[in-house]
Amino acid sequence: MRTKPAVVCAILLTAIVMSGSASAPARAQGYFGVSAGFYQPEDAAQDRTENFDIRCGYRIRPPLGFEWSLDRVSLANTVPFQADPTIPGIDFDKINLDVTLYNLDLSVQWFPRRGNLVVFGGPGVSLVDAKLNVTFLGGSGTDPDNTTVFTAHTGLAYVWRINDRFFLRPEAKVRHYFGQEVNEPNRIEAFYYSYKATDYEAGLTFGWRFGT
């Protein structure tokens, strides 16, 4: 099942309308949060999956803040490799690729009119943990590979204040992975993998504020 980016944006806009208005903090505040949501890979062959993250940030002034977030995304059975040039013409009984992405993002956050709508974006880095699982002539094995790629992201969010300490934050995000094309023809013995795509996320954060 593929979810289009328009659906992700609609989820965020609906949450904003339902949340109503709330006042922005008058002073600088730090916060910690945990999030859960949906992750849609660019690859049409991939199903939507769930993702979870932890985050912390600081609203320096009413119009400006920043945030660190760390999440884990598991993409199972990602590529059958029938046409991949890194495995040329070998008839395996079964072959699939499992990929786990560990994403660390730094977001600069802008609050238009010092309100609770958030426009954010920034750089990041992703650890790509790939495992090639092969079954051939009745035997099976796994060939792992790890690589690091740079990322960039942007998105929209809304901070719905529950009280002075707790808040909910629905958001939608787009992230691009600046991975390398894997196109060398003779790399069976030294399997490697890199992730290059633009993926979409929608989630809800439960957060706790600290400070004055």
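In this predicted model, the charged end of Arg-48 sits over the ring of Phe-38, at 4.6 Å from the ring centre. A second arginine is placed in a similar setting: Arg-59 lies over the face of Phe-111, 3.5 Å from the centre of that ring.

Before going further, consider how confident the predictor is. The mean pLDDT of the protein is 80, and 72% of its residues reach 70 or more. Confidence varies along the chain. Among the elements of the protein, strand β8, residues 166–178, has the highest mean pLDDT, 97, while helix α1, residues 5–19, has the lowest, 48. Over residues 15–26 the pLDDT stays under 50, and for this stretch the model has 21 contacts beyond four places in sequence.

Next comes the interior. Which residues of the largest nonpolar core touch the most other members? This core has 17 residues, and those with the most such contacts are Leu-97, Val-99, Leu-101, Val-128, Tyr-193 and Tyr-195. Strands β3 (64–75), β4 (94–110) and β5 (117–136) are the elements that give two or more residues to this core. Leu-101 can be followed in detail. Leaving aside residues up to four places away in sequence, Leu-101 touches ten residues by name: Tyr-39, Asp-71, Arg-72, Val-73, Leu-75, Ser-126, Leu-127, Val-128, Tyr-177 and Tyr-195. Apart from the largest core lies another, of 7 residues, including Tyr-31, Val-118, Ala-157 and Phe-167.

Aromatic rings also meet each other, and the structure holds 5 aromatic pairs. Why does the pair of Phe-166 and Phe-206 count as stacked? The ring centres of Phe-166 and Phe-206 are 5.7 Å apart and the planes stand at 15°; planes under 30 degrees apart count as stacked. Phe-166 lies in strand β8 and Phe-206 in strand β9, residues 196–210, so the pair ties together parts that are 40 residues apart in sequence. Phe-166 counts as partly exposed because its relative accessibility is 31%. Phe-206, with a relative accessible area of 40%, is partly exposed too.

Another pair is formed by Trp-208 and Phe-210. Their ring centres are 5.6 Å apart and their planes stand at 40°, so this pair is tilted. Are these two rings' residues buried, exposed or in between? Trp-208 has a relative accessibility of 40% and therefore counts as partly exposed. Phe-210, at 36%, is also partly exposed. The cut-offs behind these labels are under 20% for buried and over 50% for exposed.

Terms used: Residues are numbered from 1 along each chain as its sequence is written. This is a predicted model: local features need pLDDT of at least 70, side-chain atom pairs count only at pLDDT 80 or more; totals for chains, interfaces and linings use all residues. Side-chain values use heavy atoms; hydrogens and water are left out. pLDDT is the predictor's confidence in each residue, from 0 to 100. Helices (H or I, at least four residues) and strands (E, at least two) are DSSP runs, numbered from the N terminus. Contact means heavy atoms within 4.5 Å. A nonpolar core is a set of buried Ala, Val, Leu, Ile, Met, Phe, Trp, Tyr and Cys residues joined through side-chain atoms within 4.5 Å. Buried means under 20% relative accessible area, exposed over 50%, partly exposed in between (1.4 Å probe, protein chains only). Rings of Phe, Tyr and Trp (its six-membered ring) pair if their centres lie within 6.5 Å; planes under 30 degrees apart count as stacked, over 60 as edge-to-face and the rest as tilted. A charge sits over a ring if NZ of Lys or CZ of Arg is within 6 Å of the ring centre and within 35 degrees of the ring normal.
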